[in-house]
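Reader: Could you take me through this structure slowly, and explain what each term rests on?

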Amino acid sequence: MAMRRFEYKTVKIEPKGFWGTKLDPDKIDEILNDLGNQGWELVTMQDLEVNGHSWSFHYTFKREKI
């Protein structure tokens, strides 16, 4: 029996605007749906925060290698 193998991809999404406080949920959905259509499965999301402000979000995906 062959061992299952996976590949991983991390996508960084940063808030926009003068203070870096604006996120576009529609754009995030577009990115996530596009990756899902390519066979990527969301594994985790990390909010990189400093002093209570989110500066970047890292979404990590995996899919089985063929």
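Author: Gladly, beginning with where Thr 60 sits: it lies in strand E3, which covers residues 53–64. This is a predicted model, in which local features need pLDDT of at least 70 and side-chain atom pairs count only at pLDDT 80 or more, while totals for chains, interfaces and linings use all residues. Residues are numbered from 1 along each chain as its sequence is written, and side-chain values use heavy atoms, with hydrogens and water left out.

Reader: What makes residues 53–64 a strand?

Author: Strands (E, at least two residues) and helices (H or I, at least four) are DSSP runs, numbered from the N terminus. The protein has one helix and three strands, and along the sequence they follow the pattern β-α-β-β.

Reader: Why is the link between the side chains of Thr 60 and Thr 10 called a polar contact?

Author: A polar contact is a pair of N or O atoms within 3.5 Å, where within protein one must be able to donate a hydrogen and the other to accept it, and where residues adjacent in sequence count only if both atoms are side-chain atoms. The side chains of Thr 60 and Thr 10 are joined at 3.4 Å, and those of Lys 12, in strand E1 (residues 6–13), and Glu 14 at 3.1 Å, so both values fall within the limit of 3.5 Å.

Reader: Which residues does Thr 60 contact, leaving aside its neighbours within four places in sequence?

Author: Contact means heavy atoms within 4.5 Å, and with those neighbours left aside Thr 60 is in contact with Lys 9, Thr 10, Glu 41, Leu 42, Val 43 and Thr 44. Lys 12, not counting residues up to four places away, touches Ser 56, Phe 57 and His 58.

Reader: What makes Lys 62 count as lying over the face of Phe 6?

Author: A charge sits over a ring if NZ of Lys or CZ of Arg is within 6 Å of the ring centre and within 35 degrees of the ring normal. Lys 62 is at 4.3 Å from the ring centre of Phe 6, so its distance satisfies the limit of 6 Å.

Reader: How do you know that the length of helix H1 agrees with what is expected?

Author: The expected span is 1.5 Å times one less than the number of residues. For the 13 residues of H1 (residues 25–37) this should give 18 Å, and because the end C-alpha atoms are 18 Å apart, the two agree. Just after H1, Gly 39 takes a positive phi of about 95°.
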